[in-house]
Amino acid sequence: MDIENKPDSTERLGSTVEEATEEALKALGKQRNEVKITILDEGSKGIVFGIGSRPAKVRVELKPEPIQTVKDFLREVTLAMGLTVNIETNQRDKHLYVNLTGENMGILIGKRGQTLDALQYITNLAVGRHGDLQMSVVIDTENYRRRRRDTLESLARTISRKVRDTRQSVKLEPMTRFERHVIHTMLQNDKNVKTHSEGNEPYRHVVVSPK
């Protein structure tokens, strides 16, 4: 029996949960791995001769499409910031790379990319609310992350030479998690120096020391 029917969800009754579920799947034309099934009522056979029995009731909903979930969330957030952006996506393995374009993208980047990092963080939280969406979102605009990475890699090489020549440790300015990761990765195979992070966010920084 059809209780409620929408394009992306339906509620069905049946003598058992399994029967109600099968009816719902037929109504949506989907397989079990494509939907989320919620048992609203397991039903009851009644005490004697079916007296007092009630049917089982389930709600079956289509699982959200990951990329569209990300796009909808980003569009909502950027509109709230007063920005109209174009959203381009590229999925590789378990990563979804998102590039945002439009006017005033500097607002999205913020000081040393902090706003961009915050946007990426809350977007991943939003996607993470759907436990079945196993995807990491990486957000960029105006090729900021590539340009910033190049700058940090150049800085890492310069600091490595300085530490090697002076045999003195160098403490870098506070950096975001992304920036610290670039420095650590760049110098992890350097034979002359080693790195570690110190301090608490947002003042956590990298220290480069001689080996």
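In which helix is the place of Leu-125? Leu-125 has its place in helix 4, which covers residues 114-128, where helices (H or I, at least four residues) and strands (E, at least two) are DSSP runs numbered from the N terminus.

The structure is a predicted model, in which local features need pLDDT of at least 70 and side-chain atom pairs count only at pLDDT 80 or more, while totals for chains, interfaces and linings use all residues. Residues are numbered from 1 along each chain as its sequence is written, and side-chain values use heavy atoms, with hydrogens and water left out.

**The sheet of strands 5, 6 and 7**

Strands 5, 6 and 7 form an open sheet of 3 strands in the order 5-6-7, with mixed pairing, two strands being counted as paired if DSSP finds at least two bridges between them. Strand 5 (85-92) and strand 7 each have a single partner strand and stand at the edges, so one side of each is left without a neighbour in the sheet. On average, and with direction ignored, neighbouring strands of this sheet are turned by 20° against each other; such angles are taken between axes, which are lines fitted to C-alpha atoms (for helices over the stretch in contact), and run from 0 to 180 degrees between N-to-C directions.

The pairing of strand 5 with strand 6 is antiparallel and extends over 8 bridges, and one of the residue pairs involved is Glu-88 with its bridge partner Asn-99 in strand 6. Asn-99 belongs to strand 6, residues 95-102, and although Asn-99 and Glu-88 are 11 residues apart in sequence, their C-alpha atoms are 5.1 Å apart in space. Not counting residues up to four places away in sequence, Asn-99 touches Asn-86, Ile-87, Glu-88, Asp-140, Thr-141 and Glu-142, a contact being heavy atoms within 4.5 Å.

Two helices lie across strands of this sheet. Helix 2 (residues 66-80) lies across strand 5, strand 6 and strand 7 and runs at about 150° to strand 5, whereas helix 4 lies across strand 6 and strand 7 and runs at about 150° to strand 7. In addition, Leu-125 forms a nonpolar surface patch together with Tyr-121 and Ile-122, with about 310 Å² of accessible area together. Patches are made of residues with over 30% relative accessible area and no salt bridge (a side-chain nitrogen of Lys or Arg within 4 Å of a carboxyl oxygen of Asp or Glu); like charges are joined within 9 Å, and nonpolar side chains (Val, Leu, Ile, Met, Phe, Trp, Tyr) within 5 Å. Accessible areas come from the Shrake-Rupley method with a 1.4 Å probe, and for residues only the protein chains shown count as cover.

**Accessibility of single residues**

The table gives values for several residues, where buried means under 20% relative accessible area, exposed over 50%, and partly exposed in between (1.4 Å probe, protein chains only).

| Residue | Relative accessible area | Class |
|---|---|---|
| Ala-20 | 0% | buried |
| Asn-99 | 26% | partly exposed |
| Asn-143 | 43% | partly exposed |
| Leu-125 | 47% | partly exposed |
| Asn-104 | 52% | exposed |

Asn-104 lies in the loop between strand 6 and helix 3 (106-109) and has a positive phi of about 60° although it is not a glycine. Asn-143, in the loop between strand 7 (136-141) and helix 5, also has a positive phi, near 55°.

**Strand 2 and helix 1**

Strand 2 (residues 9-14) is largely enclosed by the rest of the structure, because 6 of its 6 residues are buried. Ser-9, Glu-11 and Leu-13 point one way from strand 2, while Thr-10, Arg-12 and Gly-14 point the other way. Strand 2 pairs with strand 4 (residues 56-62) in the antiparallel sense over 6 bridges, and Thr-10 has Val-60 in strand 4 as its bridge partner. Ala-20, in helix 1 (residues 17-28), is in contact with Arg-12, Leu-13, Gly-14, Ala-56 and Val-58, leaving aside neighbours within four places in sequence.

**The sheet of strands 8, 9 and 10**

A further open sheet of 3 strands has the order 8-10-9 and antiparallel pairing, with strand 8 (170-171) and strand 9 (193-198) as edge strands that each pair on one side only. Strand 8 and strand 10 (residues 205-210) pair over 2 bridges, and Val-170 has Val-208 in strand 10 as its bridge partner. Helix 5 (residues 144-166) lies across strand 8, strand 9 and strand 10 at about 40° to strand 10, and helix 6 (residues 177-187) lies across strand 9 and strand 10 at about 160° to strand 9. In the loop between strand 9 and strand 10 lies Pro-202, and the peptide bond from Glu-201 to Pro-202 is cis, with omega near 5°.
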